[in-house]
Amino acid sequence: MQFDNDIKAVDALHQAYKSIKAEIGKVVIGQDEVIKSVLISIFSNGHCLLVGVPGLAKTLLVQTVANVLDLNFNRIQFTPDLMPSDIIGAEILGEDRSFKFINGPIFSNIILADEINRTPPKTQAALLEAMQEKAVTAAGLRHVLPNPFFVLATQNPIEQEGTYPLPEAQLDRFMFNVHLGYPSFEEELTIVKNTTSNRDVQLNKIINAAQIQYFQKLIRNIPITDNVVEYAVKLASKTRPNTPYATDAVNKYISWGAGPRASQFLVIGAKCHAAISGKYAPDIEDVQAVAEAILRHRIVRNYRAEAEGLSIEQIIKDLF
């Protein structure tokens, strides 16, 4: 992809985003904010955690995104007996009596880690090495994963029995924590009509892996003013109790705040949000637009907040 300048490239990204969203909308009804968050995290080179009850089209969304972006897609169903080698791959003895490495399902552009909290920490850690390093280690050898590489993990908030909740350090690897809600009555009518007939949808491939990598680099090139960066860093700092910028509510209701990764993701997320909205530089509104999904899983409420029924989302909004 060659553009005369970055302004034309941002215009192209804005157009591509609108086309991608329209294509996904043929299959996934509603969930506009969720689709937006998933696409922002792909263009920002981050990962996304989707939290929602069963049947809200989480898997369908990921498959559709992979189709429209012309990327390889693998789904890994996490279960209590899943081993790290089931994800990464394993060494096997070949016919020529030498060991060779057989790639596991992780060697793909988009990974759907379905119900990630159902598998023991050892297997979760294998996935997290891949997310952080974009490579896996097997039998002492490092295998680089395809580029772009993107993990979409899902979690079911209902059942907590027999699950292994992700530790804070591992949750921190995800750029976004997106909550899926139920569809509206009109949306559900459309979903039911579409899925109970012989409707066959042909999806067009809008962009490919090379173009996604180009746009990922472009987003990092987008200029950002000092006051917006300061706003983003201050927003993350405000969530840390007993530090200079912490508010009274944070000192009262929060036991742990967001780390520096939150500040980095707020800036890159704001740049991407601006670009897909057709703007050439992010402002404070762009930081606020991505803040909730970035900060939600990085803040730990204390017992007082839980007793008073104060939600994380409410605490974040009060920081704006």
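**Pockets, a hairpin and two cysteines**

Mentor: Let's start with the largest pocket: 20 residues line it, and those nearest its centre are Gln155, Leu171, Asn177, Arg296 and His297. Keep in mind that this is a predicted model, where local features need pLDDT of at least 70 and side-chain atom pairs count only at pLDDT 80 or more, while totals for chains, interfaces and linings use all residues. Residues are numbered from 1 along each chain as its sequence is written, and side-chain values use heavy atoms, with hydrogens and water left out.

Trainee: What makes a space a pocket, and a residue part of its lining?

Mentor: On a 1 Å grid over the protein atoms alone, a pocket is an open set of points with protein on both sides within 12 Å along at least five of seven lines, whereas a cavity is a set where a 1.4 Å probe fits but cannot get out; a lining residue has an atom within 4 Å of a point. The largest pocket holds about 590 Å³ of space, a volume being the space filled by probe spheres set on the points, which are joined across faces, edges and corners.

Trainee: Which elements each supply at least two residues of that lining?

Mentor: They are β1 (48–51), α6 (168–171), β9 (176–179) and β11 (300–301).

Trainee: And what about the second largest pocket?

Mentor: About 350 Å³ of space lies there. Its lining has 18 residues, with Val27, Ala57, Leu60, Ile191 and Thr195 the closest to its centre. Two or more lining residues come from each of α1 (6–27) and α7 (185–195), and α7 gives the most, with five.

Trainee: Why are β6 and β7 called paired strands?

Mentor: A strand is a DSSP run of E, at least two residues long (a helix is H or I, at least four), numbered from the N terminus. Pairing needs at least two bridges found by DSSP; four join β6 (residues 135–138) to β7 (residues 141–144), so they are a pair, and they run antiparallel. Ala138 has Leu141 as its bridge partner. The two strands form a hairpin with two residues between them, and Ala139 in the turn has a positive phi of about 50°.

Trainee: How do you know that Cys48 and Cys272 form no disulfide?

Mentor: A disulfide is a pair of cysteine sulfur atoms within 2.5 Å. The sulfur of Cys48 has its closest cysteine sulfur, in Cys272, 12 Å away, so that is too far for a bond. The structure holds zero disulfides.

Trainee: Why does Cys48 count as buried?

Mentor: Buried means under 20% relative accessible area (exposed is over 50%, partly exposed in between; 1.4 Å probe, protein chains only). Cys48 is at 0%, so Cys48 counts as buried, and Cys272, also at 0%, is therefore buried.
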